[in-house]
Every structure is written in structure tokens, then in C-alpha cells.
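Biologist: I would like to go through this model with you. Please show it to me, and I will ask how you reach each conclusion.

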Amino acid sequence: MVGIDADLLVPGPIDDAVPGGDEGEGAPGRGIRLFVGAFLGLFLITGLVGLEAWPLTGWKLYSHVRHGDFWDWQVLAVGADGAERAVDLRHLPAAYHGVPYLLKGFDGLAPPDREVACSALGVAARAQYDDVTGVAVDHVRGRIPVDPGNPPGPPTRRIRVHQCTLE
Amino acid sequence: MIRAAGVAAGRLWAWLFSPGSELRLTAVISGLAALVGVQLAFFPWAELAQLPPALFRPVPVLFFLDEMPPAGAIVALQAAGVVAAALAALGWRRRRTLPLAWVAYLVLAGLRASRGKIQHNDLLLVVACVPFLLAPPTRWLHRATPRCSVQWGWPIHTALTFVAGAYFFTGLRKLISSGPAWVASDNMRWILYAGAHGKAKVPEVALLIADRPWLSHLVAAGVMAFELGFPLLLLHRRTRPLVVAGAFCFHGFTWLTLGLDYWKYAFVVLLLLVEWGPVVERLRRAVPGWDVWSNRTPRSSTPSSA
């Protein structure tokens, strides 16, 4: 306890406050105290349990151990000749920046919803390539490159999850 | 154990509702409003309207939306939010303008988080602003005094509790999900290698650390210690400048090596931890004729910016 002049340990005037001021003036009412208690309680519960209820959150930032090998998602633009080219999701408008995360739930979608979502990705594919007639969504396994001179290699494994034809 | 927890909770509760100064509260609110205004002003929010409805995943607070609102509605909300934030920063009808700016930010940040990924980088500012929405009226920044009262202390103390909790829970989640392996394994090396080949602003820094296993472990341990130790560092007045410096170093490091923009976390920490009273007083002394301008007579002693 020695040396700790913490607000928490000695409730009272803090910081630039003038001691002896109107400390009891306008003390917050019961409503404020209830609100603070309730909001703090929700904040603690979501934080402790790891619940996501935006704007409350479980604070899962880089919480899982990363490895050199990883599973990711890839959106492919399919041309009229059947050629497949990867869509660079990082260079799409801000609206599409959540697509790599959104695809994590792609497996769990019902078939009609997958078809609709796949078609929606066609808009993103056409923003990068002119001759797109279809879109494929692949689950891919890759390895993080260590050498700064080498670009990431091709996926070591590829599982096609869905493919759709665009109108 | 239970008794100790009860005593700690009692102390926290007493501290939450302990006195604070009007001057500091006014300064913090002005700073937070300005920060909200900057967030609202400098992001292409209207681009969010391009997201097809099939890819829209509304966050809980926007459960009533089926798709992104049209660009015109988003721009209108953005403009209203920027104006309200500017007025709140100046102190004009703050009890109305600050909530308006906050709601605009909540909705737009919620839309940004409705693209499929939880956007953590907006959350601290959104949550830290909540207590100030119910804060009592204060005089404008040029008239506020260092006089203290319980009514002016609780918003800052409550917001500080949220900030301390946010950092602590982030560290705790790492510990729960990964255990000591988060530090002891090659975890940090792969995070940095991925960052270097991804969005890193200065990939060389990421690679410099990732190529040296001992340095990667040290950085991982430092991150974990900073997050878990954040509430403890707040306890001691003399360590608070270290917390502010640590927050800027930490978020600057993630920006350089991973390209993740968490600068607003550092600014929230700065706003809530700096004792603004002496800073503003020094400014007042430096400005000739301040007393005349601020009309600091007994007539102006009633809070007027509400």
C-alpha cells in the first residue's frame, strides 16, 4: 500500500480538483447509479464470457495462436473461357472489406442463401475483371511467406465450396 | 476471497462516484467530441452503401436493418454528426449535440461492423463516450473552474473503468484462448510475417522482429503484460504517464507492423488520463485578457453550456 496514491484506494478529490470544494453538490441520482451499474455489469459479462453483442464485445483480438500454415477463403472470377483468377479483396471499395470474414460463415449458409451471396460477390469480381461470367468460392490452405522477396505461394490445398453463374 | 472481492468492488464503486473537477470534465468532453467528429469526417462512409444486401450482416444494435441504407441517408447522417460533434466540442448545447454526434457515430460504425467482421477499432471510443451522454452541465471550457464535485467526477471515472476493462479483457482473452503459448510459441513471428506481407506500413520493422525469435517472444510478452497490467498501472498516479506513452507505442507498433489503425484507442487513453486542469490554466495565463473574455464573475458561475 505504501506509495500508492491511487484514486481507487482513497476515494476523494482527484487530479486538478480543489480540495474543500463543493464535493457533495449535485451528487448523481439513483437513476445514474443504476445506469452505471447496469452498463458496467453488461460490459463485464460480455468481456468475461467472450460474448459479441456490438457495441459490447468479448475483446477477441488476435486471441488465438497463429501458425505458419492457415486456412483461408478465396473468391475467384470465372471467365467465359473457364479461366479462374483470384479477386483481390483488399483493393475493393470499403463496402467489401469484411468479405474475408463474412466467408467464414459461408459453409453454414443454406444453399439458396449461398447462391444469393455468391451472385453478390460477382459485383466485386466484375469490379476487377471485365469478362466475368461466374464466381467460385474456395476454402484454401496456404503458408505465410517468410522471405520478403517471395510473394505468397499458391494454395497447397483447395476445396471448392460453391460456384455460381452470373446473369 | 469473496470478502476481498466485495471490498474491492466497494472501493471501485466509491471511486466511481468520487469528486472530480468541472474543468477536467469539460476538457475531456470537448476532446472526445472532437475525436468523434474526426472519425465521422474522414472515412468514405457513403461507400458502405455499395454492399449488396446478401452480404449485409447487421450488428445487434442495427437489428432492424435488412440492408445498407442508401448513400444519401449515410451522407446526411455523417454531415449531421460532424456538425453536432463540432458544436459539442465547442460546448454549445452539449447535452443535445454530444448525444446526436454519438448516435451518428454509433450507427455509422455499426454499419461498418455489419460487413461481416466485428470492428473493434471503433468500440473503445463508442463505449467510453457513453457516461458523458448523461454528464451534468458544465460551463464552457474558457469558463469552467477547477472546483470539484461528485457530479463531475463519475463520468470520467466510469469511462476510465471501461478503458481499463477493454485492455484487460483483451489480454485475458488471449490467456483463456491460447494460454502461455501466445507468448512461448512462434505465434508473434507468424502474426508479424503475415503483417509484413499484408497491410504493414513499414514491413521492415515487422520482419526485423519476426526474424529474431527471442525478440518476438519479448514483444509478445510485452503486449500481454501491457494489456493485463493496464488496470494496475492506472492505480498509481505516477505510472499514468507511462500508460499514455505505452498506449501510443503499442498502437503505433500495430499500425507500423500490421497496418491496423487503432490510434483512436491511444487518443481516448490520452484524453481520459491527462490532468487537463493545469494545462488549461497555463493556457489561460498565456492568453492576454482571458479573464475579461471569459467573464469570470459571480454572475457566470451557473453552468450555461447545457
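Modeller: One term comes up front: a polar contact is a pair of N or O atoms within 3.5 Å, where one must be able to donate a hydrogen and the other to accept it. Also, this is a predicted model.

Biologist: How many residue pairs between chain B and chain A are in polar contact?

Modeller: Twelve, with both residues at pLDDT 80 or more.

Biologist: What does the salt bridge rule find across the interface of chain B and chain A?

Modeller: The rule asks for a side-chain nitrogen of Lys or Arg within 4 Å of a carboxyl oxygen of Asp or Glu. Across this interface it finds zero salt bridges.

Biologist: Which helix gives the most to the side of chain B that touches chain A?

Modeller: Helix α6 of chain B, residues 150–178, with 16 residues. That side of chain B divides into 48 nonpolar, 23 polar and 13 charged residues.

Biologist: How much area do chain B and chain A bury between them?

Modeller: About 7,200 Å², with 69% of it on carbon and sulfur atoms. In chain B, the residues that lose the most area to chain A are B:F169, B:R173 and B:W190.

Biologist: Now chain A. Why do β1 and β2 of chain A count as paired?

Modeller: Pairing needs at least two bridges. Three bridges join β1(A), residues 69–79, to β2(A), so the two strands pair. They run antiparallel. A:V78 stands opposite A:E84 in β2(A).

Biologist: What makes β2 and β4 of chain A edge strands?

Modeller: In chain A, the open sheet has the order β2-β1-β3-β4. β2(A) and β4(A) each pair on one side only.

How values were computed:
Residues are numbered from 1 along each chain as its sequence is written. Chains are lettered from A and ligands numbered from 1 in the order in which they are written. This is a predicted model: local features need pLDDT of at least 70, side-chain atom pairs count only at pLDDT 80 or more; totals for chains, interfaces and linings use all residues. Side-chain values use heavy atoms; hydrogens and water are left out. Helices (H or I, at least four residues) and strands (E, at least two) are DSSP runs, numbered from the N terminus. Buried area is the accessible area (1.4 Å probe) that two parts lose on being put together, summed over both. A polar contact is a pair of N or O atoms within 3.5 Å; within protein, one must be able to donate a hydrogen and the other to accept it, and residues adjacent in sequence count only if both atoms are side-chain atoms. Ala, Val, Leu, Ile, Met, Phe, Trp, Tyr, Cys and Pro count as nonpolar, Asp, Glu, Lys and Arg as charged, and the others, Gly among them, as polar.
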